[in-house]
Amino acid sequence: MDKLVYAVGILGPAFGTTQVYKIWAEKNASGISLAMFGPHMLFNLIWITYGILHKEKPIIMMYSLWFIINTLITVGAIIYG
């Protein structure tokens, strides 16, 4: 189960890279909702903090990756939206 959690923690955010690529390569963020991705960044930070406080590496890893993905999407939506 531990290996599965690490795999899911990497694969989940990896699927988010398709949205990041679309926004930054095409310079088009139409249809991207700042009301969705902006708050996700805050939620990611809360989960990262929780993971650090409880020393849960899978949580820290997964939500750190999601924070990066959501930040790139949010910034791209601001620039190209």
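**Exercise 1. What share of the 81 residues of the protein counts as buried?**

*Worked solution.* Before starting, keep in mind that this is a predicted model. A residue is counted as buried when its relative accessible area is under 20%. By that cut-off, 26% of the 81 residues are buried. For the surface, the protein exposes about 5,500 Å², and carbon and sulfur atoms supply 73% of that area.

**Exercise 2. Describe the overall make-up of the protein, from its elements to its extent.**

*Worked solution.* Begin with the elements: there are three helices and zero strands. Read from the N terminus on, they give the order α-α-α. Next, take the extent: along its principal axes, the C-alpha trace spans about 40 × 20 × 15 Å. Finally, look at the contacts between residues at least 6 apart in sequence: 74% of them join residues at least 24 apart.

**Exercise 3. Work out how helix H2 is oriented against helix H3.**

*Worked solution.* Two packed helices are described by the angle between their axes and by the distance between those axes. Here, H2 covers residues 34-53 and H3 covers residues 57-80. Their axes lie 8 Å apart, and the packing angle is about 155°. That angle makes H2 roughly antiparallel to H3, because angles over 145 degrees fall in that class. As for the handedness, H2 passes H3 in a left-handed crossing.

Now see who takes part. On the H2 side, the residues that meet H3 include Phe 37, Met 41, Trp 47 and Ile 48. On the H3 side, those that meet H2 include Tyr 63, Ser 64, Phe 67 and Asn 70. Sorted by type, the residues of this contact divide into 16 nonpolar, eight polar and no charged.

**Exercise 4. Follow Met 41 across to helix H3, and find which residues it touches.**

*Worked solution.* Start in helix H2, where Met 41 is found. Set aside its neighbours within four places in sequence, and Met 41 is in contact with Phe 67, Asn 70, Thr 71 and Thr 74. For a sense of spacing, try Ile 68: Met 41 and Ile 68 are 27 residues apart along the chain, while their C-alpha atoms are separated by 8.4 Å.

**Exercise 5. Is Ser 64 buried, partly exposed or exposed?**

*Worked solution.* Locate Ser 64 first: this residue is in helix H3. Its relative accessible area is 26%. Partly exposed covers the range between 20% and 50%, so Ser 64 is partly exposed. To place Ser 64 against Met 41, note that they are 23 residues apart in sequence and 9.7 Å apart in space, C-alpha to C-alpha.

Key. Residues are numbered from 1 along each chain as its sequence is written. This is a predicted model: local features need pLDDT of at least 70, side-chain atom pairs count only at pLDDT 80 or more; totals for chains, interfaces and linings use all residues. Side-chain values use heavy atoms; hydrogens and water are left out. Axes are lines fitted to C-alpha atoms, for helices over the stretch in contact, and angles run from 0 to 180 degrees between N-to-C directions. Helices (H or I, at least four residues) and strands (E, at least two) are DSSP runs, numbered from the N terminus. Angles under 35 degrees count as roughly parallel, over 145 as roughly antiparallel, 65 to 115 as roughly perpendicular and the rest as oblique. A crossing is left-handed if the near helix is turned anticlockwise from the far one by less than a right angle, and right-handed if clockwise. Contact means heavy atoms within 4.5 Å. Ala, Val, Leu, Ile, Met, Phe, Trp, Tyr, Cys and Pro count as nonpolar, Asp, Glu, Lys and Arg as charged, and the others, Gly among them, as polar. Buried means under 20% relative accessible area, exposed over 50%, partly exposed in between (1.4 Å probe, protein chains only). Accessible areas come from the Shrake-Rupley method with a 1.4 Å probe; for residues, only the protein chains shown count as cover.
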